[in-house]
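Here's a quick tour for anyone opening this model for the first time. Have a look at the chain, then read on.

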Amino acid sequence: MNANRFFRSFKFAAEGIKTALVKEQNVRFHFLAAVIVVIAAFFTGLSYTEWQVIILLIGGMIALELINSALERVVDLVTGEFHPLAKQAKDIAAGAVLVFAVASAIIGLLIFIPKWF
Ligand SMILES: Nc1ncnc2c1ncn2[C@@H]1O[C@H](COP(=O)(O)OP(=O)(O)OP(=O)(O)O)[C@@H](O)[C@H]1O
């Protein structure tokens with residue numbers, strides 16, 4: 001893989017993130033939540049391992065939300081009509097985001113709560 005190709009791919013990925021940020025409220029929400037969590041973590045004082053877990057959860061959450069947004073676009077591209085499979089595809093992807101969000105929230109609480117109380 002040459003350097004030009006690598007940087008072109010990087011540029012396209014950055015464009016994708018920018019598009020999602022501009023067009024998707026959920027993506028903006030997750031970025032804002034990530035900033036708040038990082039600030040809270042900074043002031044709470046986390047261990048090296050806890051920082052690793054938090055960064056992994058934030059990255060996973062945002063990546064999953066980006067994949068969900070991409071899938072919504074592919075579904076809309078395939079059909080503008082109401083289709084049960086389109087609904088299933090979108091709802092299952094949304095379910096994946098929800099599962100990761102709930103798991104992340106629980107792990108976040110397990111890390112933060114004992115330090116606050
Ligand atoms: N082409 C379609 N056929 C059948 N159901 C659909 C279709 N497009 C969306 N839906 C369903 O309608 C509901 C609302 O979808 P809506 O379009 O409001 O949001 P979304 O496309 O899932 O996401 P977003 O709110 O980010 O645009 C969801 O259950 C979704 O799966």
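Over residues 27-45 the chain is 95% helix and 0% strand, with its end C-alpha atoms 27 Å apart. Helices here are DSSP runs of H or I with at least four residues, strands are E runs of at least two, and both are numbered from the N terminus. This is a predicted model, where local features need pLDDT of at least 70, side-chain atom pairs count only at pLDDT 80 or more, and totals for chains, interfaces and linings use all residues. Residues are numbered from 1 along each chain as its sequence is written.

The unreviewed UniProt entry annotates residues 27-45, 51-71 and 92-113 as "transmembrane region"; such annotations may be inferred rather than shown by experiment, and positions follow the numbering used here, with feature names shortened. Residues 92-113 are 100% helix and 0% strand, and their end C-alpha atoms are 31 Å apart.

How do the helix spans work out? The expected span is 1.5 Å times one less than the number of residues.

| Helix | Residues | Expected span | End C-alpha distance |
|---|---|---|---|
| Helix 1 | 21 residues | 30 Å | 30 Å |
| Helix 4 | 33 residues | 48 Å | 46 Å |

Helix 1 (residues 3-23) is hardly covered, with one buried residue (20 or more other C-beta atoms within 10 Å of its own, C-beta atoms being placed from the backbone).

Helix 4 bends by about 25° at Leu-110, and Pro-114 follows within four residues. That bend is the angle between axes fitted to the seven residues ending there and the seven starting there.

Helix 4 (residues 84-116) also gives the most to the shell around the ligand, with four residues.

Key
Buried ≥ 20, exposed ≤ 12 C-beta atoms within 10 Å, placed from the backbone.
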